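Good morning, everyone, and thank you for making time for this. I would like to walk through one structure slowly, explaining each term when it first comes up, so please have the model open in front of you.

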Amino acid sequence: MNRVLYIKASPREGRSHSIAVADAFVDAWKQANPAAEVKVKNLFEANLPPFDGAKVQAKYNLLHGKDHSAEQKQAWNEVENLIEEFKSFNRFVFAVPMWNFSIPYPLKQYIDLIVQPGYTFGMNEKGYFGMMKDAKALTVYASGGEYPAGNPLETYNFQSTYLKSVLGFMGITDVTEIGTRGTLMDSREANKKQALNEAREIAKTF
Ligand SMILES: Cc1cc2nc3c(=O)[nH]c(=O)nc-3n(C[C@H](O)[C@H](O)[C@H](O)COP(=O)(O)O)c2cc1C
């Protein structure tokens, strides 16, 4: 049975364009999969722990094959709990605003917490490999401006390029992207309408 983790990275709820489009997807997906589970995780309300001192050191302990101190072990438990939750899902939906050409900081914090060696990625003689198996993601991006392919502005888009890369690093390479862009421009309503239609269409086969 597919289980969806729906990650909201906008604090704007009812006014958020990315959430409106991701909501439309999730509603349509639920209709098509009435028995399936969807868990919503709003990263602005999730009280994510900071990835600081003891947790960073615990990560380096893992990389260097060293044991954790009692403090590091306790700190690492918080990381393990978040990873365990993340890995218990096989479908991911992200509602992601562009903030200063990249992703909002709680999403980056979440990524720093869950992208860990031996849990979501591994290393061997050939290099790194993702440890998320049979997972796929839908990413919905909103931005005030537009960053079309081939336009010089495209190079400012570290939002979709970054999230897609880091998902792939964890092994989530099956990623479908929807953009509701130009949300601060006259094109916003037409763009949103198209994104909503795409979302409902994709939900039929996700
Ligand atoms: C802190 C902040 C930074 C932003 N930076 C950018 C930016 O770099 N480029 C852009 O096109 N829009 C930027 N915006 C506008 C948002 O991307 C836009 O309002 C978008 O609709 C937000 O997504 P949401 O509607 O899902 O909350 C920024 C907005 C905020 C609040």
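Let me begin with a small piece, where a hairpin joins β4 to β5 through 2 residues. I should say what these labels mean: helices (H or I, at least four residues) and strands (E, at least two) are DSSP runs, numbered from the N terminus, and two strands pair if DSSP finds at least two bridges between them. In this hairpin, strand β4, residues 121-124, and strand β5, residues 127-130, pair in the antiparallel sense over 4 bridges, and within that pairing Met123 stands opposite Tyr128 in β5.

Before going further, a word of care about what we are looking at. This is a predicted model, in which local features need pLDDT of at least 70 and side-chain atom pairs count only at pLDDT 80 or more, while totals for chains, interfaces and linings use all residues. Residues are numbered from 1 along each chain as its sequence is written.

Now to the sheet. In what order do the strands of the open sheet run? The order is β2-β1-β3-β6-β7, which makes 5 strands with parallel pairing. The edge strands are β2, residues 37-42, and β7, residues 174-181, each of which pairs on one side only. Neighbouring strands of this sheet are turned by 15 degrees against each other on average, direction ignored, where axes are lines fitted to C-alpha atoms, for helices over the stretch in contact, and angles run from 0 to 180 degrees between N-to-C directions.

Helix α1, residues 17-32, packs on this sheet and touches β1, β2, β3, β6 and β7, and its direction makes about 160 degrees with that of β3. For contact between two residues, the rule is that their C-beta atoms, placed from the backbone, lie within 7 Å.

Let us look at one edge of the sheet, where Glu37 has its place in strand β2. Is Glu37 buried or exposed? Glu37 counts as partly exposed, because it has 14 C-beta neighbours inside 10 Å; a residue is buried if 20 or more other C-beta atoms lie within 10 Å of its own, exposed if 12 or fewer, and partly exposed in between, with C-beta atoms placed from the backbone. Leaving aside its neighbours within four places in sequence, Glu37 is in contact with Arg3 and Val4.

Towards the other edge, strand β6, residues 136-143, and β7 pair in the parallel sense over 8 bridges, and Tyr141 of β6 has Gly179 in β7 as its bridge partner. Tyr141 counts as buried, because 24 C-beta neighbours lie inside 10 Å. Not counting residues up to four places away in sequence, Tyr141 touches Ser18, Val96, Met98, Gln159, Ser160, Glu177 and Gly179.

Turning to the interior, which residues have the most contacts inside the largest nonpolar core? They are Phe25, Val93 and Phe94, in a core of 42 residues, and a nonpolar core here is a set of buried Ala, Val, Leu, Ile, Met, Phe, Trp, Tyr and Cys residues joined through C-beta atoms within 7 Å. The largest share of this core, 8 residues, comes from α1. As for Val93, its contacts include Val4, Ala22, Phe25 and Leu138, not counting residues up to four places away in sequence.

Helix α1 comes back when we look at the ligand, since 17 residues surround the ligand, and the closest are Ser18, Pro97, Gly144, Gly145 and Thr183; a residue is near a molecule or strand if its C-beta atom, placed from the backbone, lies within 6 Å of it. Both α1 and β6 supply at least two residues of this shell, and α1 gives the most, with 3 residues.

I will finish with two loop residues. Glu13, found in the loop between β1 and α1, has a phi near 35 degrees, a positive value in a residue other than glycine, and Glu13 is partly exposed, because 13 other C-beta atoms lie within 10 Å. Asp134, in the loop between β5 and β6, has a phi near 55 degrees, again a positive value in a residue other than glycine, and Asp134 counts as exposed, because it has 10 C-beta neighbours inside 10 Å.
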